Amino acid sequence: MKWMIKIAWCSLAAMPLVAQPKINASTFGALEARALGPGTMSGRITAIQGVDSTPRILYIGTAGGGLWKTTNACASFKPVFDKHCQSIGAIAVDQRRPDVVYAGTGESNMRNSVSIGNGLYKSTDAGENWVRIGLDSTEHIAKIVLDPMQPDVLYVAAPGPLFSDSPHRGLYKSTDGGKHWQKILYIDERTGCADLAIDPRNPQVVFATTWTFRRTAHSFHSGGAGSAIYKSEDGGAHWRKLSKGLPSGEFGRVALAMAPSHPEHLLAIVESENTGLYISQDGGEHWKFQSTTLNVVSRPFYFSTLVVDPFDERRVYRPALQFSYSSDGGFSWTDASYDGGWVHSDHHALWINPRNTDQLYLGTDGGVYISSDRGVSWIFCGNLPVGQFYRAAIDQRDPFRIYGGLQDNGSWLGPSAAPGGVSNGDWKLLFWGDGFWTVPDPRDSNVVYAESQGGNAVRIELNGFKSYPIRPMRQKGMEELRWNWNTPLVTGAANTGNLYIGAQHLFRSRDQGRNWTVMSPDLSTDDDSKQRQDQSGGLSADNTSAENHCTIYAIAESPFDEREIWAGTDDGRLQRTLDEGGSWVDLSGALILAGAPPGTWVSWIELSRHNRNLAWVCLDNHMRGDHSTWLFKTADGGQNWTRVQSREFTGFAHRLKEDIENPSLLFFGTEMGLFASVDAGASWFRMKNKIPEFALVRDLQIAQKSGSLVVATHGRGIFVIDDIGPMRRMTLNVAAKEVVLFPVEEMQLGSGRFGGMVTAGNVWNAPNPEPLPSFDYYLRERVMGSAVQADIVDMAGALVRSLTPTNRKGINRVSWNFRMKPGRVAEGSTKIDYAAFSAPMVLPGNYVFVLRIGEREYRDTFSLVHRDRPGFTLSDREAQHRIAMRYYAMQEALATTVGRINDRQEELRQLIGSLSSARDRSKLEGYVDELEQHRSSLLSIRYRSIFAEEQQLRERISEAYFQAIASETPPSNVLVERAGLLEADVAKAEQTTVSIFAKYEKDFTRIQKKNMPRPRP
């Protein structure tokens, strides 16, 4: 098999007995992922908080991409929370001690796809390190407020779990910087605290809003008897409900804002049967309804931000569906003009620079925007790679292209590599809406299938980006079709011409979605009580297909037989047909017998491409408050199942991917991490590899040609680990060896596929894969006290090039650029000659990679091969090598000549310093001067300016030398002719040197002899 290896190690007798080493993330630490981004479509921003005294420093919280910091007002960003939960709900900075920062995990924009948190974190070194300080079970945190006079006093609003009852809701207070907590406002297990405000002049006055809400897989209800606005005048010890002027019925979510310059001025957007804006001028004692625009009161459960200018109580901002502002305290509103460009809809965060209140920072579902005119116009920050992918796919190109759908950002395609790297402009928008499945047609490179929420599927022709609706319609005698928010759209594995889509029925097309065949009856439970989406929302109707239920969610065609199809539903049914839908077998009971909770969402079906009876199923029960990791395996086609567990697992299960070459290598993505197994699932470890440790991993793909692992996250965009070869080769037996050298059969000569320059500007740029293949080796332990060396030698044992290996524990990688060791260049110039750092590429043939660790040596013979391409044949390569070696020889010859001159000049200067005879001194000084005049014609020795450098013989050779070795092209006639001219110049330089030596040799010998020290008697 391709993934089998040969192993090099010292004799067993010489090996000490050691415990079986553990295979974990550090074993593969050298396999670092590329963060592909992109930044052109960012993700939901949940919180923005700046440092008042240094407002160029800001912290950006995201829905699934962790916490980011900028120290230059968004010119660049740095992730500072990669070791922790990636869903951020709230941020607070201690403005008296700005190195103290709090981050509350678990966003509180309570839509169906929000992720959960695991508590409150604190940093005392400006975000470099974090410690969790409690509130671990709150799941969602909406706001953190510090007492402006006693910053160790802080309040945390916890709405609490979205999908279950919980006592861990309410308003929490700490008086010692988070060491201890007290719940100071609690209503019941269904009601949490959603918003907070504190009087900056009298911090004993605190306002809090409570909110009753509940979401299930099939419904959402915002509002209830527990929702209200409360006020405390003793720091939260006692509370009273505010009601005068407020709606008399039940509340839903309330967005609350206080004017910092006049704390008695309050505004509230109150969700109710008639959601409205309410204004109080007396500290909340009395409220007045104020008519306003639709944007101000729209979708209050999702848009909960309301902000007053810190110095102007009349300037109020309402980020919501769009951006609105008021200049009269909220009595009238104007929408932003967007003269600076379109601003993504759905706004959730706003920070006003207190040093310049014209400057605003806005967080939306599409990223961060900056305004310099108080919200009238905006510019986008295209350098924050926090896109929220739901699904991703790749094609068979090389380099492959990545296709994916993103939360509220449509469906896109982008390259895995491109000239100059992959930047925002390399990504192309295919289809709009909430993007989910985006799948290239395996047989037609011009066609891509995509769908947005509710099964709105299209076929897209890439030659013009035109799209055509393809979603099946209800047929005669069929009930209304139900389409999941994230409807599966899948191509066949055995027959790649098949296209599947699922409602409650499974449909198949064999002509790119133009016509469809019903492949199944209703495969769901068809529970009528879970099909009332028209009643969803609670106080605010909200039917966007997010709660559509009793639908097919997972589809898989067997790689061995197109007649075998599996389907899983969002209400717990797993079924299989062996006859193209003629009959279906329900496998759900067997899953339940293995421990699966009944009715659990089937989130993924992975049918092995190595064993037709082997399958894996991911189940997701978080919408019933269960965050367990449910992963099951069958070895008999689904008759019996085994639950796969690991102490490493965190988060509910999304996707398992079996390696396409080694069936023992598995990758597993959950809501809180990426995991891997090299022993078919017997043991697991969390993958880090420059990927956030708790990344929301929604999809995984493996590129067939390059062996790259593509990781699609819901908050950090796309990551690519470019070569998982060492993971395919790793076994427990390998891990037990001291040293393992993974063999290389052949490498293709070349300098990499791409050139180009990195795109400039304030956009995200991702690097390309390493252009050169690597030699991989494994070290059981980090090498200490012994030298680690690596060389390339030819078959005769002659050194070709020395490399720079690493000595880390686990997998190590070292690359060779296929060039020989650089030659010597003439020394003594006032400028660097970069020819000293490069050399001609070697010719095809067999070579040996030699790894030396101390006195032990490991060798692997491999072949370098040339593959013709248009305009560059093997004979062209050989011709290029010949001309490059001519210039290489010129450099060395000139280095020898100049070296002789330098040595003689040094001898002469030392001798002149010891002479007493003026005549002798003059004679030798003439010798030095003539040599220096000659030397100055051979290399640059006078520095004037970088724009006015000398071009002497060495520089002329180097200029041509670089042209000869820089690119893989046949040598031009000019380059060949130039070689002859320069070779003549080199020969002439040596002749002139010999002539000067001969001219002065007699006098030099005489004077040297005369002034030799006399021996003592």
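## Legends: a strand-filled chain, up close

**Figure 1. Of this chain's 1017 residues, 60% count as buried.** Keep in mind that what you see is a predicted model. The accessible surface adds up to about 40,200 Å². Carbon and sulfur atoms own 50% of that surface.

**Figure 2. Here's the chain as a whole: eight helices and 68 strands.** Picture a box drawn along the principal axes around the C-alpha atoms, and you get roughly 120 × 75 × 60 Å. Which residues touch which? Take the contacts with a separation of 6 or more: 58% of them link residues 24 or more positions apart.

**Figure 3. Now for the charges: 110 positive and 114 negative ones.** How far apart are their mean positions? Average the places of each kind, and the two mean positions sit 6 Å from each other.

**Figure 4. Zoom in on an open sheet made of four strands.** Reading across, the order goes 23-24-25-26, and the pairing is antiparallel. Which strands are at the edges? Those are strand 23, covering residues 307–308, and strand 26, covering residues 334–335. Each of these edge strands has a pairing partner on one side only.

**Figure 5. One last close-up shows strand 23 meeting strand 24.** Strand 24 takes in residues 316–319. The two strands pair in the antiparallel sense, over two bridges. Look for V308: which residue of strand 24 stands opposite? That's V316, another spot to find in your view of the model.

Notes:
Residues numbered from 1 in each chain as written. Predicted model: local features only at pLDDT ≥ 70, side-chain atom pairs only at ≥ 80, totals over all residues. Heavy atoms only, no water. Buried < 20%, exposed > 50% of the residue type's maximum accessible area, 1.4 Å probe, protein only. Contact = heavy atoms within 4.5 Å. Areas by Shrake-Rupley, 256 points an atom, 1.4 Å probe, with all protein chains shown as cover. Lys, Arg positive; Asp, Glu negative; His and termini not counted. Charge placed at Lys NZ, Arg CZ, Asp CG, Glu CD. Pairing = 2+ DSSP bridges.
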